[in-house]
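Consider the structure below and where its ligand sits. The questions after it go from the chain to the ligand site.

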Amino acid sequence: MNMRTRLAVLISGRGSNMAALAHAARAGDYPAEVALVVSNRPDAAGLARARELGLHAVVVDHRGYASREAFDAAVEAALLNARIELVCHAGFMRIQSAEFASRWLGRQLNIHPSLLPSFKGLQPQRQAIEAGVRISGCTVHFVTPELDAGPIVAQAAVPVDAGDTPQTLAARILAAEHRLYPGAVRLVASGHARLVEGRVALAGVVNRADFLYAPEL
Ligand code: GRF
């Protein structure tokens, strides 16, 4: 019997976090499998990457739908068809309707390249540099109707160097994302992290590295 949580990964671009999740899921003891990849963009580089990894990948092109709700319904049909239990946003650049987000509350995660609640929205690495912070990082959180504001599951910290550009900082954060997201999904898929009354409850024996990660300085 297959007891692994069936994941969908939603992408719009490169798909490196999707690949990190797929690699993690190859381990026999990982509690989840990538059962579906959905891209809203037919030209996303991550689609080819997903297929190279042997994953089932589909396109739901938002331009083919008259409303946000109609697009969300098409995504949801793909999720239900693949019997998806947990949805991971990974560079997915569409805002979902509040109805969809509410229906999947507790069953959707997102990764954002800042230490939330700082630097929500677009270009968080540039925002971090302009704010002059010495530490930034990435956050995995449950998806709620409010953008980048859901309860936090896991965070990783990385230093911001004096000479950083948004690109160099993004690369340093991305390396941390690839460690953090599989750990956070492990926690949620195994039931050790759950959304309870608007907060993330961690329970049972958990490895701190799954929800807290900082590189050597
Ligand atoms: C990542 O930095 C992620 O945190 C942000 O978008 C980027 C996606 O990169 N939401 P990739 O497509 O996973 O390579």
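The questions and answers below concern a predicted model.

Q: Into which domains is the protein chain divided?
A: The domain bounds come from an automatic or database assignment. On that basis the protein chain splits into domain 1 (1-104) and domain 2 (110-217).

Q: How many residues does the contact take from domain 1 and from domain 2?
A: The C-alpha centres of the two domains are 20 Å apart. Contact here means heavy atoms within 4.5 Å. By that cut-off the contact takes 17 residues from domain 2 and 22 residues from domain 1.

Q: Why does the ligand lie between domain 1 and domain 2?
A: The residues around the ligand include Arg14, Gly91, Ile111 and Glu177. Because the shell receives residues from both domains, the ligand lies between domain 1 (1-104) and domain 2 (110-217).

Q: Which residue has a side-chain N or O atom 2.6 Å from an oxygen atom of the ligand?
A: Two contacts to ligand oxygen atoms use the backbone: a N or O atom of Gly15 at 2.8 Å, and a polar atom of Asn17 at 2.9 Å. The side-chain N or O atom at 2.6 Å belongs to Arg14.

Q: What percentage of the area that the ligand exposes when taken alone does the protein bury?
A: The ligand occupies the space of the largest pocket. Its shell holds two nonpolar, four polar and two charged residues. Taken alone, the ligand exposes 360 Å², and the share of this buried by the protein is 85%.

Terms used:
Residues are numbered from 1 along each chain as its sequence is written. This is a predicted model: local features need pLDDT of at least 70, side-chain atom pairs count only at pLDDT 80 or more; totals for chains, interfaces and linings use all residues. Side-chain values use heavy atoms; hydrogens and water are left out. A residue is near a molecule or strand if one of its heavy atoms lies within 4 Å of it. A polar contact is a pair of N or O atoms within 3.5 Å; within protein, one must be able to donate a hydrogen and the other to accept it, and residues adjacent in sequence count only if both atoms are side-chain atoms. Accessible areas come from the Shrake-Rupley method with a 1.4 Å probe; for residues, only the protein chains shown count as cover. On a 1 Å grid over the protein atoms alone, a cavity is a set of points where a 1.4 Å probe fits but cannot get out, and a pocket is an open set with protein on both sides within 12 Å along at least five of seven lines; lining residues have an atom within 4 Å of a point. A molecule sits in a cavity or pocket if more than half of its atoms lie within 2 Å of its grid points. Ala, Val, Leu, Ile, Met, Phe, Trp, Tyr, Cys and Pro count as nonpolar, Asp, Glu, Lys and Arg as charged, and the others, Gly among them, as polar.
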